[in-house]
Amino acid sequence: MSTDTVERAARTPDVPQPYAELGLKPEEYERIREILGRRPTSAELAMYSVMWSEHCSYKSSKVHLRQFGDKAPRTDALLVGIGENAGVVDIGDGWAVTFKVESHNHPSYVEPYQGAATGVGGIVRDVISMGARPVAVMDPLRFGAPEHPDTKRVLPGVVSGIGGYGNSLGLPNIGGEVVFDESYQGNPLVNALCVGVMRHEDIHLASARGVGNLVVLYGAKTGGDGIGGVSVLASETFDEGGPTKRPSVQVGDPFMGKLLIECTLEVLGAGLVEGIQDLGGAGLSCATSELASNGDGGMHVRLEAVPLRDATLTAEEILMSESQERMCAIVSPSKIAQFLAICARWDVTATVIGEVTDTGRLVVDWHGETIVDVPPRTVAHDGPVYERPYARPAWQDDLQADVPDHLARPQTPEALRDTVLRLAGSPNLASRAWVTDQYDRYVRGNTVLAQPADAGVIRVDETTGRGVALATDCNGRYAKLDPYAGAQLAYAEAYRNVATTGAEPLAVTDCLNFGSPEDPDVMWQFSESVRGLADACLELGTPVTGGNVSFYNQTGDVAIHPTPVVGVLGVMPDVARRTPMAMPAQGAVLLLGQTHDEFGGSEWAHVVHGHLGGLPPAVSLRAERALAQVLVAGSRERLLAAAHDVSDGGVAQALVEMVLAGSTGAAVSVPESLDPFVFLLSESTARAVVVVAEECAGAFVALCEQHRVPVTRIGTAGGEELAVAEAYGAPIAWTVDELRATSEATLPALFA
Amino acid sequence: MRIGVVTFPGSLDDVDAARAVRIAGGEPVQLWHGEGELRDVDAVILPGGFSYGDYLRAGAIARFAPVMEPLLAAAAEGLPVLGICNGFQVLTEAHLLPGSMIKNDHRRFVCKDQRLRVENVRTSWTSAYTAGQEIVVPLKNQDGQYVADASTLERLEGEGRVVFRYVAGNPNGSRNDIAGVCNERGNVVGLMPHPEHAVDALTGPGTDGLGFFASVLTGLVAA
């Protein structure tokens, strides 16, 4: 096949082109022809098709995501906002932190190990691209029914892929989620978060400036893996019986990833880089068009210079390849020798593939012939934007009307005891150790808290102890019942988790996992979730700094539960003041916040009755803020011996987790105003269980009163069992050993 | 006291080992795999990680690094050398220590706080402990199952060269619950668990690992 050059394209306007197969709509193809004033070459068509895919262009979500900017709270903390590789937040003392969560859902279903591994690799490269040293990762994961055979295929592969990549990269895994729900059976969600640290002056952006500066591609050689992965894999649902479009999922090399981190930080630190971009989805097409359009507007690339792993690749394939562990840097000619020397020291291949121009065009040559000549903005930023129709689903009212009030509740001490134990051993609440023990949480020596803590806490400055806390959360069942409230509840829980460790919540990242945007029901769920999250962020003063949208998580007509995963970052001046969750040997056990009879979407309704209906627990952002203020102040003033957020499984599960973490029991009693079942298992929000030393109790209660946070003494820490003084006429108790055996048996029994 | 910490491509816990040396009162010195010199250090640590990705066999490529040549010579002269995890694997590949590590018997990576018994306190790296003392340090690896032939095991046991043993459960199927061994002279010690992650109660399970670094620093002062 002869090369499809720009000159040939101009000469042969009527050659039929496979735009539909590449995922472009007829009107999108027409627009490309308009932009270029001719038909695109096959290389140009490849570039536009990947860059205008849903995954890269956010064409269905853009109009909604604008709210994160329009409603952004005023804050001085945001140093770099949405639109860059990752947002950057000021955490004080000249330190900046960048963090972002992304999805790798579809590849992880096709090939769990490599899909999950390269998900970690991709988010880590986003963080390096900002000039930051990656310091920790987290993984919010969602799978289908735990006993389903396909879950046994997907989960162990995903977990070992995350471990295999992250452990080899030397990044501690400090938390995340493992959630089971049938709605994810054909569409598991594999999200990956990375947090990185830098000094303010070290922030780098993706732009190609300075005419004559060189474009350097470094890292792994380019191969045939992941070609079309972005546009095809991420934009097609897994229809049963449909045509198979399964190009190779990318394959990760964490060893090269580690070298890339060290090498990149060294060239950045030596001041050798004018602009930098990682190669992720859409590979070179994305990196060159984004660098060029964010800079002086022109770039000339000689594609034959790209080092190849497979010499048979065509020009189009090289442009689309998603081979992992590659970066693109803009380097001044005066510094190129030094740049290449550092790469050589790390055994990293680095090649000059082009230069920055002032032509306003991205020009790509292939063995002396021009195969791409486009305005780079039209590729990178001016893709199509859709106002997808959306409407509240017809079934939403019925779902909300199906309240859980009719479900049989335990009425005896024995039944209540059994229910609490059953929940403690249920797949969504049982110990996560089987998963998290496959991740290194110690490497780099700055992990202060990791799973099962409320939030992961990382020390940033060894001298002062300044550090950050991170939590991710989402309850898809809540979001299904009410996507506006569901997004706010996800945010509220992550916010509360961060505050529970003693950190002040500062900024937000999100990974919005939904079904097909072409379904008005799904699009309504999406728009409601974005609106809910933006409103909540505005009210509590934490901006969304960046994130990711993953659509098409559905099988046939059935979409996953709407799953807006929210990550909250908080800051702590001294991590030595962090509040642990382990039940101490003594102290007063207090419940903060108000408990209502709220079971819509609850873990109890899910586990015991397989029921999903009604409304999720009420959101009170004002109460969340007040609670957070008490938890942060309590940590700073050293009043708290322990604290733990109350969420899925209610007060009972919070106590169980504290008791297991501390290997110490507690004796509690049901407040007079509450039914024992409601007290133990309701999922009312804005609550936490805390333990304070008896001599601090007065000061702590005063702190709660000052912030108008309801506080109730529910018991005393210590002993060998978790005991409830009286429930429906008799005491109930569980020994620590019994709780541990129940909690720790579940996941190994399912997956070991 | 200058304690060298070698960085191979793919070393991960080199910063942790250097920090542990500093906390114990020593001066950490970075040694680069590609340079065949030891920079006048008084002891050397080969840290944990996945040198060269461990794609061939853990430690198999690192043993050929230029830094290993002077290290082998100095170890033969009595230089204290500690191999942690991947460093232990490098030491066995280099035949400074007997035996080998294969995949964990359960085939998974495992990260946990592990209880160990210190069996031999006459080595350069364990003199600060008391014989039979139990310590808790993190264990984290994929290829941690210590194996050796029967006669090697018998000799190691007979000569008291099993330095650490797993207690309260064998986490990876290691023969004789062996977590770490030493050479005949006791200056070269290798183990799978990570004492450098147990030097600060804020970031580790405790400070039980400090004894390794205190041992070598004390020994060097005495010498």
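Here are four short exercises with worked solutions on a predicted model with a chain A and a chain B.

**Exercise 1. Describe where chain A and chain B meet: how many residues does each chain give, and how much area is buried?**

Step 1. Start with the residues: 30 from chain A and 28 from chain B take part in the contact.

Step 2. Now turn to the area. The two chains bury about 2,500 Å² between them, and 57% of this lies on carbon and sulfur atoms.

Step 3. Look next at the polar side of the contact. There are 10 residue pairs in polar contact between chain A and chain B, counting pairs with both residues at pLDDT 80 or more. The salt bridges between the chains number 3. One pair to find on screen is D440(A) with K140(B), a salt bridge whose closest N and O atoms are 2.7 Å apart.

Step 4. Ask which elements of chain A are involved. Helix 8 (149-169), helix 10 (254-269) and strand 14 (447-449) each supply at least two residues of the side that touches chain B. Helix 10 of chain A gives the largest share, 4 residues.

Step 5. Finish with the residue types. On the side of chain A that touches chain B, 13 residues are nonpolar, 7 are polar and 10 are charged.

**Exercise 2. Trace the open sheet of 6 strands in chain A: in what order do the strands lie?**

Step 1. Going across the sheet, the order is 1-2-3-6-4-5, and the pairing is mixed.

Step 2. Find the edges. Strand 1 (78-80) and strand 5 (173-180) of chain A each have a single partner strand, so each has one side without a neighbour in the sheet.

Step 3. Follow the twist, which averages 25 degrees from one strand to the next.

Step 4. Zoom in on one pair. Strand 3 (residues 95-103) and strand 6 (residues 189-199) of chain A run antiparallel and are joined by 9 bridges. Within this pair, A96(A) has M198(A) of strand 6 as its bridge partner.

Step 5. Add the helix. Helix 8 of chain A packs on this sheet, where it touches strand 4 (133-143), strand 5 and strand 6, and its direction makes about 175 degrees with that of strand 4. Helix 8 also appeared in Exercise 1, as a supplier of residues to the side of chain A that touches chain B.

**Exercise 3. Now take the open sheet of 7 strands in chain A: which strands stand at its edges?**

Step 1. Write down the order, 23-25-22-26-24-27-28, again with mixed pairing.

Step 2. Read off the edge strands: strand 23 (642-645) and strand 28 (730-735) of chain A, each pairing on one side only.

Step 3. Check the twist from strand to strand, which averages 20 degrees.

Step 4. Examine the neighbours at one end. Strand 27 (residues 721-727) and strand 28 of chain A pair in the antiparallel sense over 5 bridges, and L722(A) stands opposite W734(A) in strand 28.

Step 5. Place the helix. Helix 26 (residues 736-751) of chain A lies across strand 27 and strand 28, at about 60 degrees to strand 28.

**Exercise 4. Inspect the backbone: where are P452(A) and Y52(B) found?**

Step 1. Recall the general rule: most residues other than glycine have a negative phi, and most peptide bonds are trans.

Step 2. Go to P452(A), in the loop between strand 14 and strand 15 (456-459) of chain A. The peptide bond from Q451(A) to P452(A) is cis, with omega near 10 degrees.

Step 3. Move to Y52(B), in the loop between strand 3 (43-46) and helix 2 (68-76) of chain B. Y52(B) is not a glycine, yet its phi is positive, about 55 degrees.

Key:
Residues numbered from 1 in each chain as written. Chains lettered and ligands numbered in written order. Predicted model: local features only at pLDDT ≥ 70, side-chain atom pairs only at ≥ 80, totals over all residues. Heavy atoms only, no water. Contact = heavy atoms within 4.5 Å. Buried area = accessible area lost by both parts, 1.4 Å probe. Salt bridge = Lys/Arg side-chain N within 4 Å of Asp/Glu carboxyl O. Polar contact = N/O pair within 3.5 Å; in protein donor to acceptor, adjacent residues only side chain to side chain. Nonpolar A, V, L, I, M, F, W, Y, C, P; charged D, E, K, R; others polar. Pairing = 2+ DSSP bridges. Axes fitted to C-alpha atoms, helices over the stretch in contact; angles between N-to-C directions.
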